[in-house]
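Dear colleague,

Please find the structure below, handed over for your use. My notes on it follow directly after.

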Amino acid sequence: MAVVFSAFTLILSSSLYRSQEQLRIATNARLVADNGRRADAVAEFIAERRKTVLELSRCPEIEGYLVNRDLGMSPQYGLNLALEAINQRFDYEIKQKTLRGQPVYTRIVFRGEDGDILAEVGQDVQDEIIKAIPADAPVLQEDSEAWRIVASAPVVHKGIPRGTVVTLSDMRLLSRLLIGRGVRGAAAGRYQEFLLADGGISVPASEESESLSADIGRAFTRLPINKVTAAADLIDATEFSNLLALRTSIVGSRLSMLTLTSATDAYGQMASTTYVPLLWAVSLAMLLAAFGFERMQQRTMRLQNDYAESNHHRAELAQRNQALSEEILRRQAVETDLYEKTLALDKSNADLRASRERLDFALQGANDGIWDWNLETDEVYYSPRWKSMLGYDEFELTGTPDTLISRVDPEHRAQLLAQITNCAEGRSDGIEIEFRMRHRVGHWVDILSRATLAKDAEGGPTIPKRLVGTHVDISMRKATEDENRYLAFYDPLTCLPNRRLLFDRLHQALVSSARSKHHGALFFIDLDNFKDLNDTLGHDQGDLLLQQVALRLATCIRKSDTVARLGGDEFVVMLEDLNESRDEAADQAEIVAGKILVTLNETYQFDDHDIRSTPSIGATLFGKDADSVDELLKQADLAMYQAKAAGRNTLRFFDPDMQAAVVARAALEIDLRGAIANRQFSPYYQAQVDSSGHVVGAEVLLRWLHPQRGTVLPYEFIPLAEKTGLILPLGNWVLDAACTQLAQWAGKAGMAGLTVAVNVSARQIHQPDFVDQVLAILRRTGAIPQKLKLELTESLLLEDVEDIIGKMTALKSFGVSFSLDDFGTGYSSLSYLKRLPLDQLKIDQSFVRDILNDQNNATIARTIVTLGHSLGLAVIAEGVETGAQRDFLASIGCLVYQGYLFSRPLPLADFEAFAYGSPCR
């Protein structure tokens, strides 16, 4: 029983010890894994900076700048635009690249080969580290003194370093990837994580954040990597007495990550370190005492058996010695034979080295890169020349297929793999393909690859064994081809598309327009009196003018449109994706043409000369039934000559009907501007009455008293006023007139209780100072704000609803009320309706007109009334023309009306007479 009890106690104590030890091991492994994941996140963030700066150094904006500079462009004629494009790209990176809500980059700089900063975005920091960065290789530095990450990459153009792109990131952002807490919190069961830089200095989360002192940080840098250690072994301080410390290196960085956590939180409540060994010692002592006597008996028996066995072993050893002597003689014979074969092999190797040297000399003379793929072992040999083409040394890069495949441009990778597969499977005997490979510094190298399949046939079927190929650098040839292609499609003077490229794009635009049913427009632009400029100032000044015209035209159109130069002083502008309506498309084209006229009419300054040049523009539209490209150009050309005949510096459309509409619209706009200046408008008032026939208010409606046309109704001129912006002065005039009339009625018996409703356009309410304008008019006229009602249409809710709500709330605080006009015909979003500070809903006349005959209209009107009452809003119906309509509206709860049943819009005197004659007067 003593033996069994002792054994049981020993097993139990051993199990307890192993369980605690396994718990420690598992917990330590979890801490190391968790720390590793966050360290990987930090490393990935740092690596992303290297990747991004490489992408920026190869961005098309910088490439475009270098191309323009190589073409001889000066800052005035192209380089400034290219640098602005680079700045916009850098600004996009700063705004878009964020880490948990904070910008990743504080500054991005493009430095030229002479060290001068050409483009920069971000904080204006005088930093000598940017000037000290080498320009021939990518650099990633961690500046622990200024808490930032500096990444740079050389800009290589046509194989020549042309500058450097440098990015600066706040190193303190890295703390957002960690779990940051105080030391006391860690002792209570929470994590505390730090990033340690050189000298043990910890990276703070911000300028106000606390961090470890330098002495403590240096002590923790002595921690082994990925090993959980008691912090008290390094730091003699009370707050570290029960903490575990773990340090993890950041791959690709001099930083390391330190994690502190409490031992109790990590392991839980563990048994005392002396309890288990004591229990184990007692159990072991009891067990040893029980077995002691038995072991003495067994030892005596073993000594007797050993003596008998030793006699048997001596006989067996003699037999083995005999066999060993025979094996030695056999091996001596084998060594003699092997020596003779080694001599023959040395001679073969010498011959092979000589052949290899001859082959190396031949390859060096050919200047081709060699690769040899062993299909059986999947090993690849790359020659030094092959590696140098990609910027690597002879002993860099591994001999695997991925070294080749991974550096091939993804666009050509599938095609290359298909040819390699065909060779490996015996379907073809060789490869010949052109593709691009990634150079060490990041740019692409154009490669011509040829390969031949080597096969082996040893009395059986032919088996592919090796694929041997060459790489030839054809980058110079490709660059020449690209330059020739550019010259074939672009005008060398203005860098605009030439006739050939224009015809191609115009043909595509015709196909796209026919498919989408959207119209397009074609402008034929000719500079007036250009020949006189050439004759007087010289062709060099004329060329400068053409270049400036090209730059100005580019600012007048969208990126999806095209500006081209046909030759001489003739330019063509093509607009795509205009409105489906031909009339609306013509209006859009006219707006762009007007912008071109204004822009090209501005003075050009060349040396000591101020030059003014005007254009004549011919325009034509194309759509689903468009003519051919040649026919469209003829139409635009004929329209341009019409513009010349009309006095130059103007626009003419090819379509006579459309031209007439444009002329009429222009004439109406001129008359409208004159009408505003000469006060040809008059306010009319339409009564708003309640169910008893009492006049409770009026809506102001504008009439244009044209001296030749007579009375012009709002539907004829209000849309034009909206498009041209004339609605702003016109709207302010109507509002001023309405408030002036309110102030006058306030002193008249029987009129003081009337409200006046004024329509407000979208352009008016979106003005930043709209609230101030309304309040200024109220103060100037003395009108009572509670009597003024502003009518808004549902279309206003389609844009910036929050801004509209804010302005309505501000005016409502002064007593101004609001009515939602044409309710039910437009946006009708209940989510916004309940937030708008409205006082009244207005049922549109389109529902009232057929309310007795159309059940849908009756249901909509009933719903609007119910909705208004549930929201505490008054309801008014417009367009009431019959008594039956009024009676139905009254039956569903609408008790205020406006329409011809009661009164048409009347001049002021007639309205006052009508109001005095109403039942309540």
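In helix 14 (residues 530–537), the buried residues are F530, L533 and N534. Here buried means under 20% relative accessible area and exposed over 50%, with partly exposed in between (1.4 Å probe, protein chains only); helices (H or I, at least four residues) and strands (E, at least two) are DSSP runs numbered from the N terminus. Seen down the axis of helix 14, its buried residues fall within an arc of 95 degrees, so they line one face of the helix; the arc is that of the directions from the helix axis to the C-beta atoms. The face turned away from that buried side carries the exposed residues K531, D535 and T536. The buried residues of helix 14 pack against strand 18, helix 15 and strand 22 (609–611), where contact means heavy atoms within 4.5 Å. After helix 14 comes G538, with a positive phi near 105 degrees.

Two points apply to everything here: this is a predicted model, in which local features need pLDDT of at least 70 and side-chain atom pairs count only at pLDDT 80 or more, while totals for chains, interfaces and linings use all residues. Residues are numbered from 1 along each chain as its sequence is written, and side-chain values use heavy atoms, with hydrogens and water left out.

Strand 18 belongs to an open sheet of five strands, in the order 19-20-18-23-24 and with mixed pairing; two strands pair if DSSP finds at least two bridges between them. At the edges are strand 19 (562–567) and strand 24 (651–653), each pairing on one side only. From one strand to the next, the twist averages 20 degrees. Strand 18 (residues 520–527) and strand 23 (residues 615–622) run antiparallel and are joined by eight bridges, with F622 in strand 23 as the bridge partner of G520. Helix 16 (residues 582–600) packs on the sheet and touches strand 18, strand 20, strand 23 and strand 24; its direction makes about 160 degrees with that of strand 23. Axes are lines fitted to C-alpha atoms, for helices over the stretch in contact, and angles run from 0 to 180 degrees between N-to-C directions. Helix 15 (residues 539–554) lies across strand 18, strand 19 and strand 20 (570–575), running at about 10 degrees to strand 20.

Turning to the interior, the largest nonpolar core has 77 residues, and L788, L790, I843 and F911 have the most contacts inside it. Such a core is a set of buried Ala, Val, Leu, Ile, Met, Phe, Trp, Tyr and Cys residues joined through side-chain atoms within 4.5 Å. Helix 20 (residues 727–745) gives the most to this core, with eight residues. Apart from this core lies another, of 43 residues, including L54, L140, I149 and M171.

F911 also appears in helix 28 (residues 908–916), where F911, E912 and A915 are buried. These three cover an arc of only 100 degrees around the axis, which puts them on the same side of helix 28. On the other side, A909 and A913 are exposed. Strand 25 (681–690), strand 26 (695–706) and helix 20 are among the elements covering the buried residues of helix 28.

Finally, the cysteines: with a disulfide taken as a pair of cysteine sulfur atoms within 2.5 Å, the count comes to zero. C423 counts as buried, at 0% relative accessibility, and C556 counts as buried at 6%.

With kind regards
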